[in-house]
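Got your viewer open and a selection box ready? Let's take a walk through this one, stop by stop.

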Amino acid sequence: MKVLIVEDEIELAQSMAKFLGSESFICEQAHYYDTALDKITVHDYDCILLDISLPDGNGLLLLEKLKALKKNNGVIIVSAKNSIDDKINGLNLGADDYLAKPFHMAELAARVQAVVRRRLFNGRDILEFNEIKIDTAAMAVTISEKAVPLTRKEYELLIFLLSNKNKVISKNAIAEHLTGDIAEVMDNFDFIYAHIKNLKKKLADAGCPDYIKTIYGLGYKFTT
C-alpha cells in the first residue's frame with residue numbers, strides 16, 4: 001500500500017516513513033504544501049497523512065483540492081492542533097480520521113491500516129474471491145485453503161489488481177504502487193513483468209485459474 005506523508009518536521013516524517021516501511025507500506029514524503037499539491041494532483045495514494053500547519057499553506061486546503069479532483073485517497077490528519085474546530089473542519093472536508101501529536105507509531109500504523117481497510121475492503125480483514133482468500137492483517141494468501149507463499153511485492157500486486165478487478169491497470173500505475181516516486185526515474189518497467197509472471201505461476205501451481213490478463217500495449221487486468 002502506498003502512503004503520502006505530508007509533514008514539515010523532516011525528522012518526524014522520516015521516522016513515520018521508517019516505521020510504516022517496516023509494516024510493508026511504500027512511503028513518499030512532502031514537506032511543503034506545493035510539493036504535496038503536485039503529488040496528490042498527479043498520483044493516487046491508499047492513505048495520506050496530512051499535517052494542517054505547513055510552512056507555505058494550510059493542509060485543509062489540500063483536502064479541498066482532493067475533493068475537487070474527486071480523489072478517493074484515505075486521509076488522516078496528523079497535527080499538533082487538537083481543537084474541536086480543526087477536527088470538525090477536517091472531517092467535513094473528507095478526512096477519515098484525526099490523530100493528535102505526539103502519538104505512538106504503532107497507533108499510527110493501526111489507524112492507517114483501518115483507513116485502508118475501510119476504503120478498499122469495506123472494513124474487512126479477510127478478502128475472498130472465488131477460491132482466493134486473503135488475510136490482510138496477516139498478509140497471508142490461500143487458494144482453496146492451501147497457503148501460497150508470496151513475496152511482499154507479489155502480495156501487494158495481487159491486492160492492487162484484485163482491488164481494481166475488471167479495470168485495465170497501466171504498467172506505470174503498477175510501478176508507482178509498488179515503488180512510490182522511484183517509478184518516476186525508472187528507464188523501464190521490466191520488473192513488473194517478472195512480478196506478474198512469478199505471481200501467475202504461484203497462483204496456477206496452487207490450482208487457481210488465470211485471472212490476470214495481459215492487455216497488450218496498455219497493462220494488466222484482473223478479470224472476473
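What follows is a short tour of pockets, rings and a few single residues. One thing before you click: this is a predicted model.

**Stop 1: the largest pocket**

Start by selecting Asp46, Leu120, Phe160, Ser163 and Asn164. Of the 29 residues lining the largest pocket, these sit closest to its centre. The space in there comes to about 770 Å³.

Now colour by domain, with 2–121 as domain 1 and 126–222 as domain 2. Where does the largest pocket lie relative to domain 1 and domain 2? Both domains give residues to the lining, so the pocket lies between them.

Next, show the secondary structure around the pocket. Helix 5 (105–121), strand 8, helix 6 (152–163) and helix 7 (171–179) are the elements that each give two or more residues to the lining. Helix 6 gives the most, with four residues. If you're thinking about chemistry, colour the lining by class: you'll get 12 nonpolar, seven polar and 10 charged residues.

**Stop 2: a residue in helix 6**

While helix 6 is on screen, pick Glu156, which sits in that helix. Is Glu156 buried or exposed? Its relative accessible area is 5%, so Glu156 counts as buried. Now add His177 and draw a distance between the C-alpha atoms: you should read 8.3 Å, for two residues 21 apart in sequence.

**Stop 3: the second largest pocket**

Switch the selection to Glu23, Phe25, Gln113, Thr136 and Met139. They lie nearest the centre of the second largest pocket, which has 13 lining residues. Its volume is about 180 Å³.

Keep the domain colours on. Domain 1 (2–121) and domain 2 (126–222) both contribute to this lining, so the second largest pocket lies between them too. Which elements give two or more residues to the lining here? They are helix 5 and helix 6, and helix 5 gives the most, with four residues. By class, the lining of the second largest pocket holds seven nonpolar, three polar and three charged residues.

**Stop 4: rings on rings**

Time for aromatics: there are three aromatic pairs in the structure. Show Phe129 and Phe222 as sticks and look at the angle between their rings. The ring centres are 5.4 Å apart and the planes meet at 70°; over 60 degrees counts as edge-to-face, so that's what this pair is.

Then zoom out to see what the pair connects. Phe129 belongs to strand 8 (residues 126–129) and Phe222 to strand 14 (residues 219–222), so to speak two distant parts of the chain, 93 residues apart. Phe129 and Phe222 are both buried. Add Tyr211 to the selection and you have one aromatic cluster of Phe129, Tyr211 and Phe222.

**Stop 5: a charge over a ring**

Select Lys2 and Tyr45. Lys2 lies over the face of Tyr45, at 4.9 Å from the ring centre.

**Stop 6: a buried isoleucine**

Last selection: Ile40, in helix 2 (residues 33–42). With a relative accessibility of 2%, Ile40 falls under the 20% cut-off and therefore counts as buried. For a final distance, go from its C-alpha to that of Ile77: the two residues are 37 apart along the chain, and their C-alpha atoms are separated by 15 Å.

Methods. Residues are numbered from 1 along each chain as its sequence is written. This is a predicted model: local features need pLDDT of at least 70, side-chain atom pairs count only at pLDDT 80 or more; totals for chains, interfaces and linings use all residues. Side-chain values use heavy atoms; hydrogens and water are left out. Rings of Phe, Tyr and Trp (its six-membered ring) pair if their centres lie within 6.5 Å; planes under 30 degrees apart count as stacked, over 60 as edge-to-face and the rest as tilted. Buried means under 20% relative accessible area, exposed over 50%, partly exposed in between (1.4 Å probe, protein chains only). A charge sits over a ring if NZ of Lys or CZ of Arg is within 6 Å of the ring centre and within 35 degrees of the ring normal. On a 1 Å grid over the protein atoms alone, a cavity is a set of points where a 1.4 Å probe fits but cannot get out, and a pocket is an open set with protein on both sides within 12 Å along at least five of seven lines; lining residues have an atom within 4 Å of a point. Grid points are joined across faces, edges and corners, and a volume is the space filled by probe spheres set on the points. Ala, Val, Leu, Ile, Met, Phe, Trp, Tyr, Cys and Pro count as nonpolar, Asp, Glu, Lys and Arg as charged, and the others, Gly among them, as polar. Domain bounds come from an automatic or database domain assignment.
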